[in-house]
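Student: Before we begin, could you take me through the reasoning behind the labels used for a structure like this one?
Tutor: Gladly; let us look at it together and set each value against its cut-off.

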Amino acid sequence: MISLVVTADTKNYNPAERDQAFAHLMTQFKQPYEIVYVANSDYGYLDELREIAATHPHRKLVVTAASTNINTQIYTALDQTQNGDCLLITMDTNIDLIKKMLIKHFDGADLVFVKQQENWFKSMFIGLGHATYQMGLKLLGRGRDMCCDARVILLNNRSVNTIILNPVLSKALRLVNPDPERNVRVLTEPKIYDNPTTEQKVSNNSFLALGVVSLFYIIALLVMAIIFPIFNSGVYTIWILIALVVWIILGIVGSVVVAKFIYNNRLGFPVAINLANEPVINIEEIISNDIVEEPETETEIEPETTEDTPILNDEESAKVEDIQNEIDELKEMEATNIKKSKKGSKSKSKTADAAIKAEEILETEAPIEQENTAQNQDLNENGKDEDAQKAVTENFENKSEATEPQKEEATTKKAKTTTKKAAPKKTTTAKSVKSGAKKPQISKIKSTRGAKTKK
């Protein structure tokens, strides 16, 4: 998708006619597009732009405060575009030039810059001025300026993203190549604007003046370095050597100062930044007219298919569903069997404990009953001496009293064994609770992204 960003600041045209020309040009390439207009609230044709943005599809109007500078306007408009390439123009940009830029873009150029063409005589001095200017920027440690018009440029989506994330360098990133890895084209055209202003007409005058000064500087340097020794028998005097050193130092310092001055003039007023390094923009109104899509009906979501996944017909898909259902049933049966086995093991352990207790009790009571039965038989057989019978009963009572503490000791021993067996179960449950009580750590890093990102 291509976003046509149009800055509106001149009044020598009809907004409706220009909008039709832009739309007709974009439809020729048969690509999705949108037209984003940006203007200040004190703009004379603001009502016409409101009507265009409200009635025509794929249009948007961004109205900023009256005191907003042009760089802030462009930054705001780029931030309001969708994820795609952007063609930045003005309302009076030549239509043929826009068409050439789009052709270059669809031929493979990711970035397209525009440069004003001059006659051959001026172009020599302008070229010399560009060389001096680039040398000064290099000494300042700055990037190479394209020396192109910063208000008519085609940017790819990566460059737009870079500009939005760096509001301080938004204008500087339109003067240099913000994406050196991409294919770049430069168009040199004699006519960039249909009705250029005085400032637009004299855009190369600073480089022209710098080129003239640089020419005189080079001539003076050649005179001192070559011509003077020729007329002085090839001998350099001390004064001429000092003059050469001073002249070279003045040339370096002068190129740095002039390059900084021209660079700052080309930058203009920067985008306002607050203490959090976020752009301060006063948007008063945004009007957008997008095509309203039909409401979507509820449909079944089909699974995504890739090259590796085979396409199944109805019968195969039904078989796959049956197999999946059988797998789910088997999983449920296994889960229930596991639960039953756990319950059975618990009940078996309980019955085993009860059986062990009963066996111990029987072992303790069995010898006592045998002794009692033997004594009773003796008494019945003899039946003679009542005193002997009394003695037997006394012995039986004494022995029963003696067996009672043995029973108590046996039960206490069994309780101890049972508590020892139950202890590991408590530890395991405690571990599971601790492991389940752990929660994932939550990051507390705050987001610092202040501007919209674009892919």
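Tutor: Two strands pair if DSSP finds at least two bridges between them. Please keep in mind that this is a predicted model.

Student: What makes E2 and E3 a pair, and in which sense do they run?
Tutor: E2 and strand E3 (residues 59-64) are joined over six bridges in the parallel sense, and pairing asks for at least two bridges, so the two strands count as paired. In E3, Val 63 is the bridge partner of Ala 39.

Student: Why are E7 and E8 said to stand at the edges?
Tutor: The open sheet has eight strands with mixed pairing, in the order E7-E5-E6-E4-E1-E2-E3-E8. Strands E7 (184-189) and E8 (283-289) each have a single partner strand, so one side of each lacks a neighbour in the sheet.

Student: Why is the aromatic pair of Tyr 13 and Tyr 45 called edge-to-face?
Tutor: Their centres are 6.3 Å apart, and pairing requires centres within 6.5 Å; the planes make 80°, and over 60 degrees counts as edge-to-face, so both conditions are met. Tyr 13 lies in the loop between E1 and H1 and Tyr 45 in the loop between E2 and H2, so the pair ties together parts that are 32 residues apart in sequence.

Student: How do you know whether Tyr 13 and Tyr 45 are buried or partly exposed?
Tutor: Buried means under 20% relative accessible area, so Tyr 13, at 12%, is buried, whereas Tyr 45, at 26%, is partly exposed.

Notes:
Residues numbered from 1 in each chain as written. Predicted model: local features only at pLDDT ≥ 70, side-chain atom pairs only at ≥ 80, totals over all residues. Heavy atoms only, no water. Phe/Tyr/Trp six-rings, centres within 6.5 Å; stacked < 30°, edge-to-face > 60°. Helix = DSSP H or I, 4+ residues; strand = E, 2+ residues; numbered from the N terminus. Buried < 20%, exposed > 50% of the residue type's maximum accessible area, 1.4 Å probe, protein only.
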